[in-house]
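Work through these short exercises with the model open. Each solution goes step by step.

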Amino acid sequence: PVLLRGETGTGKDMIANTIHRLSAYRDGPFIKVNCGAIPESLIDAELFGHEKGAFTGAFFQKRGYFERADKGTIFLDEIGELPPQVQVRLLRVLQFKEIQRVGGSDPIQINIRIIAATHRNLDQMVADKQFREDLWFRLNVFPIFIPPLRQRKEDIPELVSHIVAKKSRELNLLATPLIASSALKRLSEYDWPGNVRELENVIERALILRKGNTIGVDSLFPGDSSPPNTENRASTDISLSIDELLCQHIENTLKHCHGKVQGPGGAAERLKTNPSTLRNLMKRLGVAYGRQAWQRESASHKR
């Protein structure tokens with residue numbers, strides 16, 4: 001068993017994927033389970049499966065995550081969220097490599113690799129009797145600590161290059177923008193409390209807010225600069241979320257384009273992005289588009 005430890009956003013999911021891909025189980029299934037996302041009343045049935053008629057609503061036999069991962073790898077993310085009674089059953093899986101479906105009487109042998117991950121302090125949870133000590137010893141056979149991004153800033157240039165290329169493809173950009181040296185310097189100076197996930201979000205925002213084919217500091221961190229013409233830019237209120245900033249920026253652009261999205265003088269042209277990409281983003285953010293829709297929206301704001 002492998003135990004991945006690190007802050008939220010450090011890339012535990014990607015490390016787990018890599019371990020599976022390089023292991024002897026790589027030809028088998030790779031099953032991901034977020035232990036904190038399963039309701040406590042359903043977690044036994046989801047992890048270990050159930051027999052037909054085991055409880056009200058069990059109209060058929062169901063294989064659980066462990067059984068589906070047979071001859072492969074199961075990735076138990078947020079292992080610290082498991083309730084005590086499930087910890088006992090997981091201990092049996094680790095000890096005997098067998099499970100028992102809810103409502104079943106016969107043990108089922110399985111051959112799996114278990115990778116667990118957590119951002120919580122399991123040592124302290126064991127001391128506080130919130131996590132079983134015997135399970136902790138079984139999971140902690142090969143621990144891997146993933147350092148936060150602020151402790152490995154030498155990785156930032158390569159990460160930025162990778163994320164820019166990846167997000168450019170996702171946003172259907174015609175060309176991959178360049179990163180200004182001042183912007184890269186600013187990225188390397190930031191502490192990144194949200195780690196790689198936060199870096200990815202900042203880069204995506206920058207690709208949308210950029211002017212031209214170069215990403216500058218003003219696109220990465222709007223609050224770092226005070227351009228003379230702020231009328232066309234999103235608000236730099238640091239209390240706003242990324243989605244709120246995007247909404248403001250797009251709405252300001254639409255205002256100057258009179259609601260026009262596509263074509264010469266349209267919002268997509270001004271924002272240097274694909275019209276379809278912009279429309280999809282506006283749908284997700286709830287921004288009205290089309291001249292008639294924008295005129296109604298503008299009129300309601302005035303009222």
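**Exercise 1.** Is Lys167 buried or exposed?

Solution. This is a predicted model: local features need pLDDT of at least 70, side-chain atom pairs count only at pLDDT 80 or more, and totals for chains, interfaces and linings use all residues. Residues are numbered from 1 along each chain as its sequence is written, and side-chain values use heavy atoms, with hydrogens and water left out.

Step 1. Take the cut-offs: buried is under 20% relative accessible area, exposed is over 50%, and partly exposed lies in between (1.4 Å probe, protein chains only).
Step 2. Lys167 has 9% relative accessibility, so it counts as buried.
Step 3. Place it: Lys167 is found in helix H7, residues 156-170. Helices (H or I, at least four residues) and strands (E, at least two) are DSSP runs, numbered from the N terminus.
Step 4. List its contacts (heavy atoms within 4.5 Å). Beyond neighbours within four places in sequence, Lys167 touches Glu200, Glu204 and Leu207.

**Exercise 2.** Find the strand order of the open sheet, and its edges.

Solution.
Step 1. The 5 strands run in the order S2-S3-S6-S1-S7, with parallel pairing. Two strands pair if DSSP finds at least two bridges between them.
Step 2. S2 (30-34) and S7 (142-145) each have a single partner strand, so one side of each lacks a neighbour in the sheet.

**Exercise 3.** Which residues are the bridge partners of Leu4 in S6 and S7?

Solution.
Step 1. S1 (residues 2-5) pairs with S7 over 4 bridges, and S1 pairs with S6 over 4 bridges.
Step 2. Leu4 stands opposite Ile144 in S7. In S6, its bridge partner is Ala117.
Step 3. Check burial: 5 of the 6 residues of S6 are buried, so S6 is largely enclosed by the rest of the structure.
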